[in-house]
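User: Please help me see how the terms used for helices are earned. I would like to go from each value to its name.

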Amino acid sequence: MTDADIALRVEGLNTQIHVGSDWHDVVRDVSFSIRPRETLALVGESGCGKSMTALSVMGLLPPKVARIGAGRIVVDGIDLVAADEATRENMRGDRLGMIFQEPMTSLNPVLPIGFQVGEALMRHRGLSRRQARQKARELLELVRVPAAAERLDAYPHQFSGGMRQRVMIALALACSPKVLIADEPTTALDVTIQAQVLALIADLQEKEGLAVLLITHNLGVVASVADRVIVMYGGDVVESAPVGAFFARPTHPYSEALLAAMPRVDSDGGLEPIPGQVPTLTAMPKGCRFATRCALRTDACAELPPLAPVGGDPEHVARCWVRRDS
Amino acid sequence: MTQTPNTAARRAMRTPGLLLGVVLTVAMIAAALAAPWIAPFDPNEQDVLAILAAPDATHLLGADAFGRDVLSRILWGARISLYVGFLSTLAGVVAGTTVGVVAGYYGGLVDRIVVAATDVLLSFPQLIMGLLLVAVLGASIGNLVLAIAVTAAPAFIRMARGSTLAMRERDFVDACRSLGYSDLRIMFFHILPNILDELVVMASLWLASAIRTESTLAFIGLSVPPPTATWGGIVRDGFDNLLDGPWLALFPSLAILVVMIGLNLIGDGLRDATDPKGAQ
């Protein structure tokens with residue numbers, strides 16, 4: 001792949017947070033790249049580092065508490081890690097858009113919708129208030145908010161959750177970014193609205209050539225919209241695969257356990273929980289971080305395994321001593 | 001649930017106290033503005049024949065020890081008293097809010113310094129503080145405005161800081177950051193409108209307090225120098241002849257009272273109207 005057809009490239013990302021008096025890795029050596037129109041899903045349980053990865057890419061890590069220790073995040077030929085804050089600020093909202101989990105609280109309650117959608121254009125494109133309002137109407141129509149023209153002056157509380165998430169999408173896409181980061185975009189929505197919002201994102205992705213980084217813990221969502229899947233555990237990428245290969249042959253014991261813990265229509269057995277808990281940040285094992293909960297644990301697991309191809313597929317890699325191709 | 005400005009406005013309309021407050025305050029402001037046209041006499045014109053005249057057809061509210069018409073002095077005095085009150089409150093609100101929002105937003109060392117400074121300023125009673133500043137700076141309208149503004153600012157710093165602290169953690173602030181908005185834009189375009197209602201309510205109450213402070217300073221002779229009329233000054237002039245002409249101190253005091261009641265009714269009414277707990 002040349003740089004030209006990659007929208008977002010992350011290389012060796014290390015993100016750390018400050019606990020007590022030490023910096024601890026919450027994201028370790030994460031690398032991936034997303035092409036335009038491609039959806040990469042980042043899955044894993046709470047605290048696995050997927051949201052920290054997203055915040056690192058956006059440059060929105062809380063200062064003094066979290067920092068990027070190493071790595072490169074390249075969008076449009078610019079390394080966001082090395083760039084200064086002014087450059088990052090200009091990239092956010094312009095080349096990189098983000099939608100959040102909570103549409104109910106992600107809009108400013110006291111400003112009209114039309115202004116909020118248009119504001120990004122005033123900020124990044126220097127549009128006048130009138131031009132921004134015009135463009136805001138078009139954007140609201142794009143995300144299929146009914147009667148968009150009449151609702152420009154409405155306030156967020158006059159919208160339902162699904163409608164607000166559409167408005168958030170309009171906001172994130174106002175400046176036609178190349179990359180959209182969707183952090184659990186449908187978790188707070190009920191199932192029918194969830195499907196509509198996902199369809200909308202997929203549709204816009206096709207139209208605008210967006211690269212989407214989808215953060216989720218919902219494997220059903222992953223199966224329906226993602227092109228590739230990265231499974232994270234304790235800050236490590238434990239498996240990365242095209243979506244078909246992942247669901248056909250989940251290879252890392254954690255991926256396997258995740259799928260087994262998901263309710264399925266076609267199985268009559270109960271759910272299988274994953275025993276134990278994620279170790280706390282200060283008590284992470286040195287080697288494979290899943291070792292403490294893994295049924296296949298061997299002595300080799302005391303050392304961190306590399307990401308290695310599995311099943312003879314170079315696109316499908318897993319971080320496991322036991323399951324790697326020998 | 002946040003309410004739209006419309007429902008708050010409608011609720012405000014139904015509050016009789018607020019309406020009365022607005023009527024009283026607006027009437028007093030109108031009288032002050034119209035003073036050059038409606039005042040029957042020049043406020044500084046002395047009429048030897050009218051010294052300590054009781055209220056009658058010529059001098060509706062009587063005349064003072066120099067034979068100056070009390071009604072005219074009250075009307076002209078309103079201009080100074082209200083002007084100083086409004087301007088100093090405005091200055092205090094703008095300065096206090098700006099500092100408070102910045103301190104609350106950035107936190108850290110800036111915040112700690114601001115909080116400490118605010119606590120020190122707040123530990124002085126408002127009047128003592130104003131007195132001190134005017135005594136040091138000298139009595140003039142500009143210094144008076146400055147002194148009263150300085151006494152008002154800490155309260156607004158504290159309120160703006162507290163509210164900003166709460167707002168900073170809201171999701172929409174993260175959303176703003178994800179759109180590449182600068183700290184300045186987030187602070188003053190996004191956080192400020194969210195805390196504006198509380199600030200307006202408090203400003204209307206502080207306005208009353210500022211006018212009272214000005215009157216008190218004038219009463220003890222620390223306002224604009226005589227013969228310029230201010231309410232507090234007129235009360236003091238009348239005080240010397242309290243037994244011979246009680247109307248001299250009574251009427252300007254009533255003017256102060258009316259404005260105090262008017263502004264406090266507005267403040268209370270606005271607070272009730274913007275209080276989400278009051279929503280039915």
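Analyst: Let's start with handedness: a crossing is left-handed if the near helix is turned anticlockwise from the far one by less than a right angle, and right-handed if clockwise. Please keep in mind that this is a predicted model.

User: What is the handedness of the crossing of α6(B) and α9(B)?

Analyst: The crossing of this pair is right-handed, so the near helix is turned clockwise from the far one.

User: And why is α6(B) called oblique to α9(B)?

Analyst: Helix α6 (residues 126–137) and helix α9 (residues 183–219), both of chain B, cross at roughly 55 degrees, and their axes come within 10 Å. Angles under 35 degrees count as roughly parallel, and roughly perpendicular covers 65 to 115. The angle fits neither range, so α6(B) is oblique to α9(B). On the α6(B) side the contact is made by B:Gln126, B:Leu127, B:Gly130, B:Leu131 and B:Val134, and on the α9(B) side by B:Ser209, B:Thr213, B:Thr216 and B:Leu217. These residues divide into four nonpolar, five polar and no charged.

User: How do you know that α9(B) is not straight?

Analyst: Compare its span with the expected one. A straight helix of 37 residues would span 54 Å, yet α9(B) spans only 45 Å between its end C-alpha atoms. There is also a kink of about 55 degrees at B:Leu192, shortly before the proline B:Pro193. After α9(B) comes B:Gly221, with a positive phi near 80 degrees.

User: Why is α5(B) called oblique to α7(B)?

Analyst: Here helix α5 (residues 108–123) and helix α7 (residues 141–168) of chain B pack at an angle of about 140 degrees, with their axes 9 Å apart. Roughly antiparallel needs an angle over 145, and roughly perpendicular ends at 115, so this angle falls among the rest and α5(B) is oblique to α7(B). The crossing of α5(B) and α7(B) is left-handed. The residues in contact are B:Val114, B:Thr118, B:Leu121 and B:Leu122 of α5(B), with B:Pro154, B:Ile157, B:Arg158 and B:Arg161 of α7(B). By class, they come to five nonpolar, one polar and two charged.

User: What makes α6(A) and α7(A) roughly parallel?

Analyst: In chain A, helix α6 (residues 161–173) and helix α7 (residues 191–208) cross at roughly 20 degrees, and their axes come within 10 Å. The cut-off for roughly parallel is under 35 degrees, so α6(A) and α7(A) earn that name. α6(A) passes α7(A) in a right-handed crossing. The contact includes A:Gln165, A:Ile169 and A:Leu173 of α6(A), and A:Val197, A:Leu200 and A:Leu204 of α7(A). Its classes are seven nonpolar, four polar and two charged residues.

User: What makes up the side of chain B that touches chain A?

Analyst: The contact takes 17 residues from chain B and 24 residues from chain A. In chain B, α8 (171–178) and α9 each supply at least two residues of that side. The largest share, six residues, comes from α8(B). By class, this side of chain B has six nonpolar, seven polar and four charged residues.

User: Finally, how many helices and strands does chain B have?

Analyst: Chain B comes to 11 helices and zero strands. Its C-alpha atoms fill a box of roughly 75 × 45 × 30 Å along the principal axes.

Definitions and conventions:
Residues numbered from 1 in each chain as written. Chains lettered and ligands numbered in written order. Predicted model: local features only at pLDDT ≥ 70, side-chain atom pairs only at ≥ 80, totals over all residues. Axes fitted to C-alpha atoms, helices over the stretch in contact; angles between N-to-C directions. Helix = DSSP H or I, 4+ residues; strand = E, 2+ residues; numbered from the N terminus. Contact = placed C-beta atoms within 7 Å. Nonpolar A, V, L, I, M, F, W, Y, C, P; charged D, E, K, R; others polar. Expected span 1.5 Å × (residues − 1). Bend = angle between axes of the 7 residues up to and from the residue.
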